[in-house]
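Biologist: Could you walk me through this model? I would like to hear the reasoning behind each label you use.

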Amino acid sequence: MHPAIINKPALPLKAELSLPGDKSITHRAIFISAIAEGRTKINNFLFSGDCLVTINAFRKLGLRIITDKKNKRVIVYGKGLLGLSKPNSPLELKESGTTMRLLAGLLAGQDFSSKLCAGKALSLRPMRRITVPLRMMGAVIKSKIKKSLPAGRQEKSKIEEYPPLTLKGGGLKAISYRMPVASAQVKSALLLAGLYAKGQTKVIEPIKTRDHTERLLKLFAADIKIEGLKIRIKKSKLISSGLIDIPADASSSAFFIVLAALLPEAHLSIKSVGINPTRAGIIKALQKMGAEIKVSKCQSVKVSSFEPVADLLVKNSRLKAITIKAKEIPSIIDELPILMVAACLARGKTVIEGVSELRVKETDRISSMVTNLRKMGADIRLKMKKIKGVNSECLEIYGIDRFKAAKVKSFGDHRTAMSAVVAGLLAEGKTRLDDVGCIDKSFPEFVAILRRLLGRNCIKLS
Ligand code: S3P
């Protein structure tokens with residue numbers, strides 16, 4: 001545990017930042033380069049806990065991967081679709097849910113058996129969403145079957161599957177699958193499996209989720225067609241594009257955007273941020289709330305060709321409440337914790353509909369965020385609402401004037417921890433956070449950047 005004491009900054013936030021690479025794209029860059037023909041250089045690679053899990057897993061699957069942390073660069077020597085080899089021990093995926101779900105899809109296509117093990121928190125995250133369709137394609141998967149943990153008081157327990165997963169793949173057949181949950185991890189697992197299946201795999205999403213896998217597969221010449229919510233993929237040889245430039249992570253940027261929107265006199269520019277519309281819902285939402293965020297064409301020469309990228313300029317502004325509809329949730333799913341922080345300090349009642357998926361992230365983020373923010377004086381209510389005939393959880397957040405300092409917890413979750421840090425920087429008094437170590441999962445430099453910009457006293461580490 002790495003505790004921290006957070007104080008209101010003495011310095012105004014005036015800076016120009018370049019933030020680390022996108023976590024979702026970094027994972028996918030390794031996955032897709034590994035099974036492509038040729039060598040791929042990946043620039044602005046995110047050297048975070050989860051992404052290192054992906055590198056280690058692929059090394060165990062026989063890949064040669066060279067890392068250069070100083071220059072944020074990785075080189076993957078692709079082995080082609082059938083080049084992976086059977087690992088000689090279980091793959092330890094620690095807390096990386098993206099690695100676990102995408103790898104299950106990829107390994108479903110392989111002719112060997114493998115075991116995917118998880119850390120404590122990931123062992124409690126649902127896997128049935130991938131095991132069901134992958135079994136339909138022909139994979140043989142064993143998992144730990146248990147009654148689901150009650151995700152919120154409203155939900156009934158049902159049978160769920162959890163890690164570890166043991167997979168025996170190969171000989172897959174294509175399926176047409178209408179996904180019951182909007183999940184980019186599930187979609188990506190099925191598209192990767194579809195690369196190995198006989199026939200045309202069709203995946204239909206309920207709501208569009210992040211499409212980084214589709215974009216990279218296209219860049220690597222896969223036979224993939226996208227038509228609104230339908231994606232079709234056929235067995236195809238992947239050819240490396242040679243180079244992948246990863247934009248700055250929109251989710252990591254969100255913590256700085258909200259901080260700049262709320263700190264008096266702030267004026268913050270963030271360079272080369274990924275603004276893929278399936279990911280950047282937070283920018284739209286904050287602009288609707290009245291935040292002054294200017295999105296302009298990237299000045300940097302290293303503009304990624306497969307993902308839209310922009311420079312952002314954020315200035316302090318007075319925020320007002322908005323309503324976020326269930327259909328907007330996938331584009332803002334990882335930013336809901338920090339949006340909740342912003343909503344607490346916005347004028348009026350913010351409503352966020354269809355938030356149940358937050359229950360099955362690194363921690364139950366409804367519970368972790370509501371607990372912390374209420375301790376800091378927030379007025380948040382949880383409501384049930386029927387959306388398309390289904391009972392769905394909604395948050396109602398009533399704006400307050402300011403946060404008060406409190407003792408808060410990360411609950412082992414990087415995004416709950418970063419949201420607590422931002423709320424602490426905006427609060428009167430000393431906020432005590434039990435652990436900032438878990439932030440390494442997605443954004444190891446987070447605390448150091450804040451201390452550099454706002455002074456060491458704003459986050460005291462013991
Ligand atoms: C991710 C998809 C989302 C997101 C997660 C990363 C990805 O999860 O919350 O942090 O990289 O595909 P779901 O697919 O479970 O919604």
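Modeller: Let's start with a pair of helices in this predicted model: α10 and α11 cross in a right-handed way.

Biologist: What makes that crossing right-handed?

Modeller: The term applies because the near helix is turned clockwise from the far one by less than a right angle. The angle between α10 (residues 365-375) and α11 (residues 414-425) is about 20°, and their axes are 10 Å apart. Angles under 35 degrees count as roughly parallel, so α10 is roughly parallel to α11.

Biologist: Which handedness does the crossing of α2 and α3 have, and how do you know how the two are oriented to each other?

Modeller: The crossing of α2 and α3 is right-handed. Helix α2 (residues 49-60) packs against α3 at about 25°, with 10 Å between the axes. With the limit set at under 35 degrees, α2 and α3 are therefore roughly parallel.

Biologist: Now the ligand, please. What makes a residue part of the group around the ligand?

Modeller: One of its heavy atoms has to lie within 4 Å of the ligand. The residues that qualify are S24, R28, T98, R101, S183, A184, Q185, R210, I333, D334, K361 and R415. By class, 6 are charged, 4 polar and 2 nonpolar. Helices α1 (23-34), α3 (97-108) and α5 (184-194) each provide at least two residues of this shell.

Biologist: How do you know that S183, A184 and Q185 make polar contacts with the ligand?

Modeller: The cut-off for a pair of N or O atoms is 3.5 Å. A side-chain N or O atom of S183 is 2.6 Å from a ligand oxygen, so that pair is a polar contact. A184 uses a backbone N or O atom at 3.0 Å from a ligand oxygen, and Q185 also uses a backbone N or O atom, at 2.9 Å. Taken alone, the ligand exposes 390 Å², of which the protein buries 95%.

Biologist: What sets the peptide bond from P163 to P164 apart?

Modeller: The bond is cis, with omega near 5°. Most peptide bonds are trans. P164 sits in strand β9 (residues 159-168).

Biologist: And why is N44 worth a look, given its phi?

Modeller: Phi of N44 is near 55°, a positive value in a residue that is not glycine. Most residues other than glycine have a negative phi. You will find N44 in the loop between β3 (36-43) and α2.

Note on methods:
Residues numbered from 1 in each chain as written. Predicted model: local features only at pLDDT ≥ 70, side-chain atom pairs only at ≥ 80, totals over all residues. Heavy atoms only, no water. Polar contact = N/O pair within 3.5 Å; in protein donor to acceptor, adjacent residues only side chain to side chain. Areas by Shrake-Rupley, 256 points an atom, 1.4 Å probe, with all protein chains shown as cover. Helix = DSSP H or I, 4+ residues; strand = E, 2+ residues; numbered from the N terminus. Nonpolar A, V, L, I, M, F, W, Y, C, P; charged D, E, K, R; others polar. Axes fitted to C-alpha atoms, helices over the stretch in contact; angles between N-to-C directions. Parallel < 35°, antiparallel > 145°, perpendicular 65-115°, else oblique.
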